[in-house]
Amino acid sequence: MSTTRPFSPGDRGPEPGAGGASGVPGGDPPEAPAASRLPRRLAFDGESGVVPLARDFTRQALYAWGWLPAATADQRAAAEDVLLVVSELVTNACLHAGGPSELRIGCDNKVLRIEVSDRGTGSPAPRTPHRAGRPGGHGMFIVQRLCLDWGVVRAPGASGKTVWAELGAPA
C-alpha cells in the first residue's frame, strides 16, 4: 500500500517486554543495549557503489540489533527481506531520482523502518499491471509485498523526498 503518511497507521502491538516477538518461544527478545538500538544514518555524498554500500551498512545494523546471526529460517528470511527492501529503495533512487542522498534505518522490538532520501521529484509506485515474466518494474511491487506499509514524505519548500518502508521484526 502506498501512502503519503510519515508514519504507518495502527497499533504496533504490545509494548516491549510484554512477550512475543523473539527467537525464544514464549520469551521476550533479548534487549540490545540502548546505544545499539539508536537509528543509523548513512550519507551517500560522492559515494559510488551505493547499493552494496547500503546493504553492508544495513547488515551491520542488523547484527548490532540482534537480527543477525539468525537462529531460525524465519529470522534469516526476515533479515534477507530487510536487505532486499534496502536494495530496491536505493536502486529506485539511483534509476529514477538522480541517486540517493541518505539512508536511515531504525528498529524497535516490533518494526524496522527504512528511509531513503533523494533529490527526485517523482513518486514511486508499483507498476500496474504487474507482469512477473518481464524484466524491470518489480522494485516497488517487491517493497509493497514485503512491507507492513510504505510511503513518501516531502518536506515543504525543499526539493526531493524520502521514501520509507516498515517491516515487522522477526518472530
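The following legends accompany several views of a predicted model of a single chain.

**Figure 1. Overall arrangement of secondary structure in the predicted chain.** The chain contains 3 helices and 6 strands. Read from the N terminus, these elements follow the order β-β-α-α-β-β-α-β-β. The chain has 171 residues, and 42% of them count as buried. Its accessible surface amounts to about 9200 Å², with 56% of this area belonging to carbon and sulfur atoms. Where contacts join residues at least 6 apart in sequence, 64% of them link residues at least 24 apart.

**Figure 2. Close-up of the largest nonpolar core.** This core comprises 34 residues, and Leu89, Leu103 and Ile114 have the most contacts inside it. At least two core residues come from each of α1 (50-64), α2 (73-96), β3 (100-107), β4 (111-118), α3 (139-146), β5 and β6. Helix α2 makes the greatest contribution, supplying 9 residues.

**Figure 3. Surroundings of Leu89, one of the residues with the most contacts inside the core.** Once neighbours within four places in sequence are set aside, Leu89 is in contact with Ile114, Val116, Met140, Val143, Val163 and Ala165. Ile114, one of these partners, is itself listed with Leu89 and Leu103 among the residues with the most contacts inside the core.

**Figure 4. Pairing of strands β5 and β6.** Strand β5 spans residues 149-153, and 4 of its 5 residues are buried, so that the strand is mostly covered, where buried means under 20% relative accessible area. Strand β6, covering residues 161-168, runs antiparallel to β5 and is joined to it by 5 bridges. Within this pairing, Gly151 has Trp164 of β6 as its bridge partner. Both β5 and β6 also supply at least two residues each to the largest nonpolar core.

**Figure 5. Close-up of the largest pocket.** The space in this pocket is about 370 Å³. Its lining consists of 22 residues, of which Asn92, His96, Pro124, Ala125 and Met140 are the closest to the pocket centre. Two or more lining residues are given by each of α2, β4, α3 and β6. Helix α2 gives the most to the lining, with 7 residues.

**Figure 6. Elements shared by the core and the pocket lining.** Helix α2 gives the most to the largest nonpolar core, with 9 residues, and also gives the most to the lining of the largest pocket, with 7 residues. Met140 is in contact with Leu89 and is listed among the lining residues closest to the pocket centre.

Definitions and conventions
Residues numbered from 1 in each chain as written. Predicted model: local features only at pLDDT ≥ 70, side-chain atom pairs only at ≥ 80, totals over all residues. Heavy atoms only, no water. Helix = DSSP H or I, 4+ residues; strand = E, 2+ residues; numbered from the N terminus. Buried < 20%, exposed > 50% of the residue type's maximum accessible area, 1.4 Å probe, protein only. Contact = heavy atoms within 4.5 Å. Areas by Shrake-Rupley, 256 points an atom, 1.4 Å probe, with all protein chains shown as cover. Pairing = 2+ DSSP bridges. Core = buried A, V, L, I, M, F, W, Y, C linked by side-chain atoms within 4.5 Å. 1 Å grid on protein atoms, 1.4 Å probe; cavity = no way out; pocket = protein on both sides within 12 Å on 5 of 7 lines; lining within 4 Å. Points joined across faces, edges and corners; volume = space filled by probe spheres on them.
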